[in-house]
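User: Could you take a close look at one helix for me and walk me through what its side chains are doing? I'd like one connected story rather than a list.

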Amino acid sequence: MKNKIDMEYSLTAYTIGDDLIFALFLRNLIGLSRKSGITQLAAFDGTTVFNEYVSPREVISPKVSELTGLTFDFSCDQMYHHGKPVDCRFIQIVLLKFIDFISKKKKPILFGHNIAAFDIPILMNKLRQHSLLSEFLLHIYGCIDTIKLARRKFKTKDIGNHKQQTLVTKLLGIEYDAHNACADVTSLFQLLEHFEYSEKDVFPFNAALLTDSYIPLIRASHITKLTARRLAHSGLCLKHLQLAFNRDSENGLKSILLEHGFNAKTVTSFTKYFTCTEE
């Protein structure tokens, strides 16, 4: 079955078997927490593999080395993968090369397994540190988290769990190195033929930042965290709604919020908030 996403940028993302594949598959292999550094960044567009190793600023922990096979000798600036030397570059260079890679696609969608909670916050943090986030956002349409697609289609009792490695074994009948970013993205690409997705599954790469813009309203109990996330996944931040209110008061809010599927209650909540802020 073919999944198709038609968008304003005339982007169509196809699954395996079609001639044109504009979807991009992202995975970054990192340490053991959200604050860990990136050691490998890989992506696959159905034809070309992007795979770069990153020079670490800190010693790679024994646990991470055990999982990934990566070690780094600071005395000679050399990285090794399972004992074999591999080329590695500073993170800023890798990020610039990645931006160049995706810029050759027409507003691609980034697919990844559990990227909303894990990969994206780390990658976004690195892009911000090197003042590259704005440039990066110019070249992508949005993201799809395949773990949500898997949870929607497969029950835990039928498949065991929704980890990518489990899905690959169960659905594709193959084993792969789950801690190697290159193997990760190519296996994820093969998995996509077993998922169904649409434009409704696409969310902005910077959804977390957009959600954070609503913290004042959440704290004041004007909206819930769930509403804030829905607004962010619609691509709206608080500044967008503030501008709409400034231009045409409640009617301005109603126009933009109803267009994105929010109800009159949400319009009222924001109207009260902005009115109180002005006073």
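What follows is a close look at helix H2 and the contacts around it.

Analyst: Sure, and keep in mind throughout that this is a predicted model. Helix H2 covers residues 91-103, so you're looking at 13 residues. From its first C-alpha to its last it reaches 18 Å, close to the 18 Å expected at 1.5 Å a residue.

Start with the buried side chains. In H2 these are Ile91, Val94, Leu95, Phe98, Ile99, Phe101 and Ile102. They cover an arc of only 160 degrees around the axis, which puts them on the same side of H2. If you want the background to that pattern, an α-helix has 3.6 residues a turn, so residues three or four places apart point the same way.

Two of those buried residues, Phe98 and Phe101, also turn up in an aromatic cluster. Ring pairs link them with Phe50, Phe136 and Phe205. Phe101 has a charged companion as well: the charged end of Lys105 sits over the Phe101 ring, 5.5 Å from its centre. There's another contact of this kind elsewhere in the chain, where the charged end of Lys148 sits over the ring of Phe203, 5.7 Å from the centre.

Now for the charged residues of H2. As a reminder, side chains of opposite charge can pair when their charged atoms come close. The structure holds five salt bridges, and one of them joins Lys97 to Glu52, with the closest N and O atoms 3.7 Å apart. That pair links distant parts of the chain, since Lys97 is in helix H2 while Glu52 belongs to strand S3 (residues 49-54), and the two are 45 residues apart. The partners sit in unlike surroundings: Lys97 is partly exposed, with a relative accessible area of 33%, whereas Glu52 is buried at 10%.

Asp100 makes a salt bridge too, this time with Lys104, and here the closest N and O atoms are 3.5 Å apart. Asp100 counts as partly exposed, at 41% relative accessibility, while Lys104 counts as exposed, at 64%.

For a salt bridge away from H2, look at Asp201 and Arg152, whose side chains meet at 2.8 Å, N to O. This pair also links distant parts of the chain: Asp201 lies in the loop between helix H8 (181-191) and helix H9 (207-212), Arg152 lies in helix H5 (residues 146-153), and 49 residues separate them. Asp201 is buried, with a relative accessible area of 18%, but Arg152 is exposed, at 52%. Back at H2, salt bridges that share partners join Lys97, Glu52 and Arg89 into one network.

One last thing you may wonder about at the bench is disulfides: the structure holds zero. Take Cys76 as an example, because the closest cysteine sulfur, in Cys88, is 9.6 Å from its own, too far for a bond. Cys76 counts as partly exposed, at 44% relative accessibility.

So, to put H2 back together: its buried residues are on the same side, Phe98 and Phe101 are part of the ring cluster, Lys97 pairs with Glu52, and Asp100 pairs with Lys104.

Terms used. Residues are numbered from 1 along each chain as its sequence is written. This is a predicted model: local features need pLDDT of at least 70, side-chain atom pairs count only at pLDDT 80 or more; totals for chains, interfaces and linings use all residues. Side-chain values use heavy atoms; hydrogens and water are left out. Rings of Phe, Tyr and Trp (its six-membered ring) pair if their centres lie within 6.5 Å; planes under 30 degrees apart count as stacked, over 60 as edge-to-face and the rest as tilted. A charge sits over a ring if NZ of Lys or CZ of Arg is within 6 Å of the ring centre and within 35 degrees of the ring normal. A disulfide is a pair of cysteine sulfur atoms within 2.5 Å. Buried means under 20% relative accessible area, exposed over 50%, partly exposed in between (1.4 Å probe, protein chains only). Helices (H or I, at least four residues) and strands (E, at least two) are DSSP runs, numbered from the N terminus. The expected span of a helix is 1.5 Å times one less than its number of residues. The arc is that of the directions from the helix axis to the C-beta atoms. A salt bridge is a side-chain nitrogen of Lys or Arg within 4 Å of a carboxyl oxygen of Asp or Glu.
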